Amino acid sequence: MIPSGTSRPAPQRSCLGCGEVFEKKSLLRFVASPGGELLPDLKQKLPGRGAYVCRDLLCLKQAVKKKGFVRTLKISALPPLAELQQGVALHLLSRVESLIGVARKAGHVCGGSNLVMQSLERGGELALVICSEDISEGIGEKVRRKAANAGVPCEQLLTKARLGALVGRDERSVMAFARGGLAKEILQELRTYSKIVGEH
Ligand SMILES: [Zn+2]
């Protein structure tokens, strides 16, 4: 689909797994590293020929099975699927972490369960809530309910110590992101991470 108001259609690429054509930006890009290994290029900025796959474990598996990476990128040898899957997941996780850092510097992060819940009650401010994996059950339940009522996605990721470190605090079991491009990007990478890890 061509977005209205733009003169040129967004570039499209086909997925090596399912073979369908999608907007390039919505796909995962891979390149061959100088050493001839498969390298995820989440920012889609690395030089060289790219290979594209849907943000989906099934398509990644299909692409490996069909030897799409080997053919398209002249990769010498692919790691076993589990290893590849883990490598992609780690890339996604570190991308999410660095985006959280960017959001923090841009002043787009609100932290602490009370502040986040107050903001959810006011409505219209937040685009994404992240709870730590080790959040206390009671608080986690409260935050999830408030987020659901406000129509804001609520994801679970990392420990409170790790989340805290990303925003310069000791611990953060709840953090939220203001509406905008950064929150959208974090959510997209987070959801891809979940799909690639295969938790959902
Ligand atoms: Zn696909």
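What share of the contacts in the protein between residues at least 6 apart in sequence join residues at least 24 apart? The figure is 67%. Keep that in mind while going through the views below, which come from a predicted model.

**View 1. The whole chain, with 7 helices and 9 strands.** Here's the overall picture before we zoom in. The C-alpha atoms fill a box of roughly 50 × 40 × 30 Å along the principal axes. Of the 200 residues in the protein, 33% are buried.

**View 2. How confident the prediction is, with an average pLDDT of 93 for the protein.** A score of at least 70 is reached by 96% of the residues. Among the elements, strand β7 (residues 126-131) has the highest mean pLDDT, at 98. Helix α2 (residues 68-73) has the lowest, and its mean is still given as 91.

**View 3. An open sheet of 4 strands, in the order β6-β9-β7-β8.** The pairing in this sheet is mixed. β6 (109-111) and β8 (154-156) each have a single partner strand, so one side of each is left without a neighbour in the sheet. On average, neighbouring strands here are turned by 25° against each other, ignoring direction.

**View 4. Strand β9 (residues 174-178) and its antiparallel partner β6, joined by 3 bridges.** Want to find the pairing by residue? Val109 has Phe177 in β9 as its bridge partner, and Gly111 is matched with Met175 in β9.

**View 5. The other partner strand, with β7 and β9 pairing in the antiparallel sense.** There are 5 bridges between these two strands. To get your bearings, look for Leu126, which stands opposite Ala178 in β9. β9 itself is mostly covered, with 4 of its 5 residues buried.

**View 6. Helix α3 (residues 81-105), which is 25 residues long.** From its first C-alpha to its last, α3 reaches 36 Å, close to the 36 Å expected at 1.5 Å a residue. After α3 comes Gly107, with a positive phi near 75°.

**View 7. The buried residues of α3: Leu84, Val88, Leu92, Arg95, Val96, Leu99, Ile100 and Ala103.** Note that an arginine, Arg95, is among them. So what covers these buried residues of α3? The cover includes two strands of the sheet in View 3, β6 and β9. It also includes β4 (38-40) and the helices α1 (57-65), α6 (160-166) and α7 (181-197).

Conventions. Residues are numbered from 1 along each chain as its sequence is written. This is a predicted model: local features need pLDDT of at least 70, side-chain atom pairs count only at pLDDT 80 or more; totals for chains, interfaces and linings use all residues. pLDDT is the predictor's confidence in each residue, from 0 to 100. Two strands pair if DSSP finds at least two bridges between them. Axes are lines fitted to C-alpha atoms, for helices over the stretch in contact, and angles run from 0 to 180 degrees between N-to-C directions. The expected span of a helix is 1.5 Å times one less than its number of residues. A residue is buried if 20 or more other C-beta atoms lie within 10 Å of its own, exposed if 12 or fewer, and partly exposed in between; C-beta atoms are placed from the backbone. Two residues are in contact if their C-beta atoms, placed from the backbone, lie within 7 Å.
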